[in-house]
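Trainee: I would like a close look at one part of this model, the metal site. Please take me through it step by step, and then through the charged pairs and the ligand contacts.

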Amino acid sequence: MSTPSISNVAISDTLRKVFGFREFRPNQESVVRAILDRRDVFAVMPTGGGKSLCYQLPAVLLPGTCMVVSPLIALMKDQVDGARANGIRAAFLNSSQLPDERDQVVRDLHAGQLNLLYVAPERFSLDHFRQLLTRVQLSMVVIDEAHCISEWGHDFRPDYLSLSELVTLFPHLPIAAFTATATHHVQQDILDKLALRTPLVVRASFDRPNLMYDVRFKDNVDAQLVALLKTHQGDVAIGKASIGKVGIGKAGIIYRTSRKNVNDTAAMLQAKGFRALPYHAGLTDAERQRNQDAFIRDEADVMVATIAFGMGIDKSNIRFVIHADIPKSIENYYQETGRAGRDGEPAHCTLLFAQGDIHKVRFFIDSMLDETERAKALGALTRVISFASTSVCRRRTLLDYFGEHYPHDNCNACDICLGTRDVVDCTREAQMLLSAIVRTEERFGATHIVDVVMGSANKRILDFGHNKLKTYGVGKDRGKKFWRQLVDELLAHGVIAKAEGLYPTLLLLPKAVRILKGEERLDIVRVHESPAKAVKAKSAAPEAEGNPAGNHELFELLRSLRKQIADEQGIPPYVVFSDRTLRDMAAHSPRTAEALLSISGVGEVKLERYGQQFLRVIDRFSDDA
Ligand code: ADP
Ligand code: ZN
């Protein structure tokens with residue numbers, strides 16, 4: 001099957017007119033070209049990398065319908081809303097629809113009226129659906145979230161296995177698979193399972209330059225969360241000012257491990273006036289849907305959630321993600337933090353890390369029956385601990401995990417590189433603690449060891465005669481908090497371990513001996529006590545910055561208008577225009593339709609639908625100024 005080759009001019013015209021973009025993001029162009037040349041594609045691109053455009057653009061240009069297999073109903077709906085907002089003829093077929101709606105979609109499909117059709121993988125197993133496909137003209141097949149086909153991936157979906165048949169079912173159609181998460185291992189597995197035919201394989205950099213990474217010692221989680229939200233949202237977001245329809249604060253997600261923690265944290269934040277809502281598998285479907293909708297529509301600012309939340313979320317204006325408990329793996333962490341800043345605007349990722357959390361996870365892992373699973377979980381946990389407790393650039397560590405070398409010495413957007421922490425040599429103090437453990441014959445827990453070092457004269461110390469030890473009181477000029485944290489550090493660095501069982505006594509590991517002998521040092525990382533320095537991540541779109549400070553007010557006005565339009569049309573605000581597009585408008589104040597069209601994200605259809613309204617707000621604002 002050959003179609004006349006599509007020119008580069010047609011491609012760049014479509015990019016500009018339909019999507020409103022001047023330039024491709026990295027890798028988009030080569031993927032688009034390959035699909036238009038009818039070649040299979042396998043593309044790993046980070047969240048926010050612009051995967052949708054890679055197939056939506058060819059779908060506009062090629063005759064026939066592009067069928068997109070997508071795992072979640074919410075995701076499909078969002079994609080369809082987004083495509084339609086740009087004037088692309090898109091629809092989905094799934095179980096959430098009434099028979100009438102489904103019939104209409106099938107009619108449109110038959111009539112060749114659809115550029116894009118989104119379906120769930122389950123639909124493939126249905127005979128009548130496969131028959132239907134033989135009677136319509138398809139342009140290509142897209143597999144979104146392709147890692148779902150791999151059992152090694154973090155959200156394996158058995159239904160995805162049927163996609164292995166695609167190549168046989170559609171020998172003449174290009175098949176393009178996309179995912180945002182794939183270690184090389186997962187990548188190979190996907191390629192094997194799908195049996196793509198000499199595909200173009202694209203592996204974009206996993207770096208998310210607009211995300212700022214920050215790891216902090218967790219001690220008082222509630223207070224820390226409130227403080228973080230205040231820095232992220234500004235004081236206007238709390239209290240009475242926030243009770244309106246338009247979100248004043250910036251949107252973010254707080255991840256917690258248990259349902260109880262989710263409920264408690266959400267309630268705590270609500271009581272303090274934050275527009276926070278809970279999300280976990282224990283809520284009813286209706287509650288979950290309601291909370292998710294409120295978040296998507298910018299009516300709630302903070303989603304407090306278990307990891308059940310996020311996969312079906314395309315919301316592009318999430319400005320922060322906080323992990324209030326330790327994530328399960330680096331892959332999970334990357335995926336979860338990756339939900340921030342899809343629009344390329346700066347966003348913050350904070351991990352609150354406590355030694356106590358490790359024990360909880362360890363306890364859970366130890367109770368796992370399957371040995372391989374247990375080993376896998378333990379390996380994953382160890383990597384997270386090392387990510388959080390070393391003094392290496394966070395970005396470098398994350399990229400390392402995906403087998404990618406970060407080429408710069410300083411990323412300028414993580415706590416380590418920005419120097420909000422100091423590396424302190426604590427070898428001498430570590431020796432004091434370790435020698436107290438040795439002299440008490442590894443028979444005591446952290447509390448007692450700290451008491452020895454601090455020279456506490458309590459009954460237990462005296463009963464055991466530990467006040468006569470050589471190390472008794474050697475560390476009395478330091479506070480209890482310091483010593484407790486040092487014990488945690490020694491545990492995290494694999495210098496000591498806690499005994500299993502009833503009495504968690506502290507035991508020495510081989511590293512302890514080397515430290516005691518002075519053969520190895522112990523460097524630990526301390527966060528500055530000063531209030532969080534305003535650290536700024538780089539925007540992934542430097543040209544969009546303009547003069548943002550001076551136009552904050554205009555940005556807020558445009559945001560209200562966006563919310564109003566979104567409500568009228570029943571679509572999420574970010575589908576109308578992204579934060580980045582609004583910021584661009586606020587920075588350049590376009591006064592004519594032509595000028596508005598030159599703003600990134602404004603294509604012809606959006607100009608026609610919303611142009612006048614936005615121009616009016618800009619006019620009024622500029623005339624008043
Ligand atoms: P992904 O699916 O890879 O996470 P999306 O397709 O949702 O990413 O795109 C993320 C954001 O980037 C969207 O707001 C989209 O409009 C925007 N975008 C995509 N391609 C471009 C481009 N070439 N120029 C500017 N913005 C783009
Ligand atoms: Zn860094």
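Mentor: What follows starts at the metal site, then turns to salt bridges and to ligand 1.

Keep in mind that this is a predicted model.

Start with the zinc ion, ligand 2. Its protein donors are the SG atoms of Cys393, Cys411, Cys414 and Cys417. They lie 2.3 to 2.4 Å from the ion. Now the geometry. The four donor atoms subtend angles of 102 to 117 degrees around the zinc ion, so the arrangement is tetrahedral. The cut-off behind that label asks for all angles between 85 and 135 degrees.

Next, the sequence pattern. The donor residues are spaced C-x17-C-x2-C-x2-C. Cys393 and Cys417 link distant parts of the chain, 24 residues apart. Cys393 sits in the loop between helix H14 (371-389) and helix H15 (394-401). Cys417 sits in the loop between H15 and strand S14 (421-425).

Are these two cysteines buried or exposed? Cys393 has 6% relative accessibility, so it counts as buried. Cys417 has 14% and therefore counts as buried too. The cut-off for buried is under 20% relative accessible area.

Now the charged pairs. Side chains of opposite charge can pair when their charged atoms come close. A search of the whole structure finds 40 salt bridges. Three examples follow.

Take Arg130 and Glu165. Their side chains meet in a salt bridge at 2.8 Å, N to O. Arg130 lies in helix H6 (residues 127-134), and Glu165 in the loop between strand S5 (138-143) and helix H7 (166-169), so the salt bridge ties together parts that are 35 residues apart in sequence. Arg130 is partly exposed, at 21% relative accessibility. Glu165 is partly exposed as well, with a relative accessible area of 34%.

Lys260 and Asp264 form a local pair. Their salt bridge spans 2.6 Å, N to O. Both residues belong to helix H10 (residues 259-271); they are four residues apart, so about one helical turn separates them. Lys260 is exposed, with a relative accessible area of 56%. Asp264 is partly exposed, at 40%.

Arg478 and Glu429 meet at 3.2 Å, N to O, again in a salt bridge. This pair links distant parts of the chain, 49 residues apart. Arg478 is in the loop between helix H18 (459-464) and helix H19 (480-492), while Glu429 is in helix H16 (residues 427-439). Arg478 is partly exposed, with a relative accessible area of 34%. Glu429, at 11% relative accessibility, counts as buried.

Salt bridges also join into a network. Its members are Asp298, Lys315, Arg319, Asp343, Arg562 and Asp579.

Last, ligand 1. There are 15 residues around this ligand, and Glu23, Gln28, Gly48, Lys51 and Ser52 come nearest. Which element gives the most to the shell? Helix H3 (residues 51-61) does, with three residues.

Look at the individual polar contacts. A backbone N or O atom of Glu23 lies 2.8 Å from a nitrogen atom of ligand 1. Arg25 places a polar side-chain atom 3.0 Å from an oxygen atom of the ligand. Gly48 places a backbone N or O atom 2.6 Å from an oxygen atom of the ligand. On its own, ligand 1 has 560 Å² of accessible area, and the protein covers 83% of that.

Methods
Residues numbered from 1 in each chain as written. Chains lettered and ligands numbered in written order. Predicted model: local features only at pLDDT ≥ 70, side-chain atom pairs only at ≥ 80, totals over all residues. Heavy atoms only, no water. Donors = N, O, S within 2.8 Å, 3.2 Å for Na, K, Ca; no water. Tetrahedral: all angles 85-135°; square planar, octahedral: opposite > 155°, others 65-115°. Helix = DSSP H or I, 4+ residues; strand = E, 2+ residues; numbered from the N terminus. Buried < 20%, exposed > 50% of the residue type's maximum accessible area, 1.4 Å probe, protein only. Salt bridge = Lys/Arg side-chain N within 4 Å of Asp/Glu carboxyl O. Near = heavy atom within 4 Å. Polar contact = N/O pair within 3.5 Å; in protein donor to acceptor, adjacent residues only side chain to side chain. Areas by Shrake-Rupley, 256 points an atom, 1.4 Å probe, with all protein chains shown as cover.
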